[in-house]
Amino acid sequence: MRSAAFITGITGMAVVAGLLLAGEARLGGGTAGEETATAPADAAPKAGERATISDDRAEMIARSAEPAAPSAPVPGDGAASKPADMPQQAETAAGETARPAAKKAVELVRPMVENAGILSFGERRLQLAGIVPTPVDRICGPAGRQWPCGMMAKTALRLLLRNRSVSCDLETVEWKETVTTACRLGTEDLGSWLADNGWAEPTAGSPLTSAAEKARQAGKGLYGDDPRRH
């Protein structure tokens, strides 16, 4: 009887010990699973292990490393211009060439004739465009038949004007010294009139060259005889 009871007790103790060991094993397995589940995906690998990372994770890391692009200013929000734009604007402003003032017709009263090509208004002078002013002391004609064509050319222009006002193309009425421009008596261009009548020679490349050549062929003005002998 005692031996049977002893065997029964030993068997019961073994069963209890087995149950305790099984429960401890279950608890240990659950803890290990939790640690595995909560470990970060990009945790540093241990020595000897291969470093692995998913494509999605790599893309997320790359995007987070990129510098944030500056947002474009909304029109009308009062945003100031970028500092980088300011030098370019300054350079454009500095590189601009000042446009000359547009010429306009200005009426000038009582012009004085210095020679066939230059009008004077006090200390200011206007040289008629397209012609070479004929000096007052110019002499024309062959030997023995010379005549003061320069003085005659001046007189011809003075008689045309007769102290009447002329209209000249000027940038400003406050010009100084001598300015070359076109002047008209009514609708008659004075430079063209001098070239047509042979009282002045054209400048190089002047549009009045053909008119002056016609006057030379016709023997007018400087290219003709002394008009006082006619």
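**Strands and a buried aspartate**

Student: Which residue in S7 is the bridge partner of Leu128?

Tutor: This is a predicted model, so we're reading a computed fold. S4 covers residues 124–128, and it runs parallel to strand S7 (residues 178–181), joined by 4 bridges. In S7, Leu128 is matched with Thr181.

Student: S4 pairs with S3 too, right? Which residue in the turn has a positive phi?

Tutor: Yes, strand S3 (residues 118–121) and strand S4 (residues 124–128) run antiparallel, with 4 bridges between them. One pairing there puts Ile118 with Gln127. The two strands make a hairpin with 2 residues between them, and the turn residue with a positive phi, about 70°, is Gly122.

Student: Which strands stand at the edges of the open sheet of 4 strands?

Tutor: The order is S1-S6-S8-S9, with antiparallel pairing. An edge strand here has a single partner, so one of its sides is left without a neighbour in the sheet. That describes S1 (104–108) and S9 (188–189).

Student: And what stands opposite Cys168 in S8?

Tutor: Strand S6 (residues 166–170) pairs with strand S8 (residues 183–185) in the antiparallel sense, over 2 bridges. Across from Cys168, in S8, you'll find Cys183.

Student: Is Asp226 buried or exposed?

Tutor: Asp226 sits in the segment after helix H6 (209–218). Its relative accessible area is 4%, and the cut-off is under 20%, so Asp226 counts as buried.

Student: Which side chain does the Asp226 side chain make a polar contact with?

Tutor: We just saw that Asp226 is buried. At 2.8 Å, its side chain makes a polar contact with the side chain of Arg228.

Conventions: Residues are numbered from 1 along each chain as its sequence is written. This is a predicted model: local features need pLDDT of at least 70, side-chain atom pairs count only at pLDDT 80 or more; totals for chains, interfaces and linings use all residues. Side-chain values use heavy atoms; hydrogens and water are left out. Two strands pair if DSSP finds at least two bridges between them. Buried means under 20% relative accessible area, exposed over 50%, partly exposed in between (1.4 Å probe, protein chains only). A polar contact is a pair of N or O atoms within 3.5 Å; within protein, one must be able to donate a hydrogen and the other to accept it, and residues adjacent in sequence count only if both atoms are side-chain atoms.
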